[in-house]
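Dear colleague,

I am passing on the structure below, and after it you will find my notes on what turned up when I went through it. Please read them with the coordinates open.

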Amino acid sequence: MKYLFFDLDDTLLDFHKAEAWALRQALRHSGIEPTDAIAARYSEINQSQWELLEEQKLTRDQVLVRRFQLLFQELGVHASCEETQRCYENMLAKGHDFMPGTLELLETLKGRYPLYLVSNGTAMVQDCRLRDSGIEPYFQGIFISERVGADKPQKEFFDRCFAAIPAFDPEQAMIVGDSLTSDIRGGNNAGIRNCWYNPKHKPRRADIHVDYEISDLMELPKLLEAL
């Protein structure tokens, strides 16, 4: 294996922790008390909207505002979705807690494999999180869909990433990520191998092919050595 592509959110950085804090700040800013039930419902709505983006049924701009529109409609709240969204992303950009084993993994892989990052997250948010976390220098290339001009799991997204890497060989590439619908399906669409990071032991899906599965990031080096 020569090229490793990593997802960022909930693979290397703990997105759910950052999301929970940012959401509470944004809702309070809009005059809404962020109960656990409201936070849980937001996460469900948010996930469904990003999946629609992956299916090319919504644009990124629609997703970012629509998730709050749907939540506020359910709550019967009359607040500015656009203002809440701006506040949320400003807060989200400050969250850069690591998933367990992230730094140890990157240190282990550094110099042994060219590492690349592939993310559907908002560019401004991911730029801040990567800078503040200090992991940006580990990667030879950082591909954020907002800048690439296509989203995971579209084949076009990966084709554009691959075109930016000299002498790229898809036979020697693997994507590592936590999302079946974005990362693993993306690997399927792109014709490269995949490794599903599945710490919560979620069930597989019959329509998405998984090549390898790990529940701990530090299982990856041993897997790579065996290939």
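In this predicted model, the sulfur of cysteine 161 has as its closest cysteine sulfur that of cysteine 195, and because the two are 19 Å apart, they are too far from each other for a bond. Cysteine 161 is also buried, since its relative accessibility is 0%, a value that falls under the 20% cut-off. A similar reading applies to cysteine 81, whose sulfur lies 13 Å from the closest cysteine sulfur, in cysteine 87, which is again too far for a bond, given that a disulfide requires the sulfur atoms to be within 2.5 Å. Cysteine 81 is buried as well, with a relative accessible area of 11%. In keeping with this, the search of the whole structure for disulfides returned zero.

Cysteine 195 also leads into the sheet, where it belongs to strand E5 and is the bridge partner of valine 176, while in strand E6 the residue standing opposite cysteine 195 is tyrosine 212. Strand E5 (residues 193-197) has four of its five residues buried, and it is therefore largely enclosed by the rest of the structure. Its pairing with strand E4 (residues 173-177) is parallel and extends over four bridges, whereas three bridges join E5 to E6 (residues 212-214), and these two strands also run parallel. Between E4 and E5 comes helix H9 (residues 180-190), and the three elements together form a β-α-β unit that is right-handed.

With best wishes

Conventions: Residues numbered from 1 in each chain as written. Predicted model: local features only at pLDDT ≥ 70, side-chain atom pairs only at ≥ 80, totals over all residues. Heavy atoms only, no water. Buried < 20%, exposed > 50% of the residue type's maximum accessible area, 1.4 Å probe, protein only. Pairing = 2+ DSSP bridges. Right-handed = clockwise from strand over helix to strand, strands pointing away.
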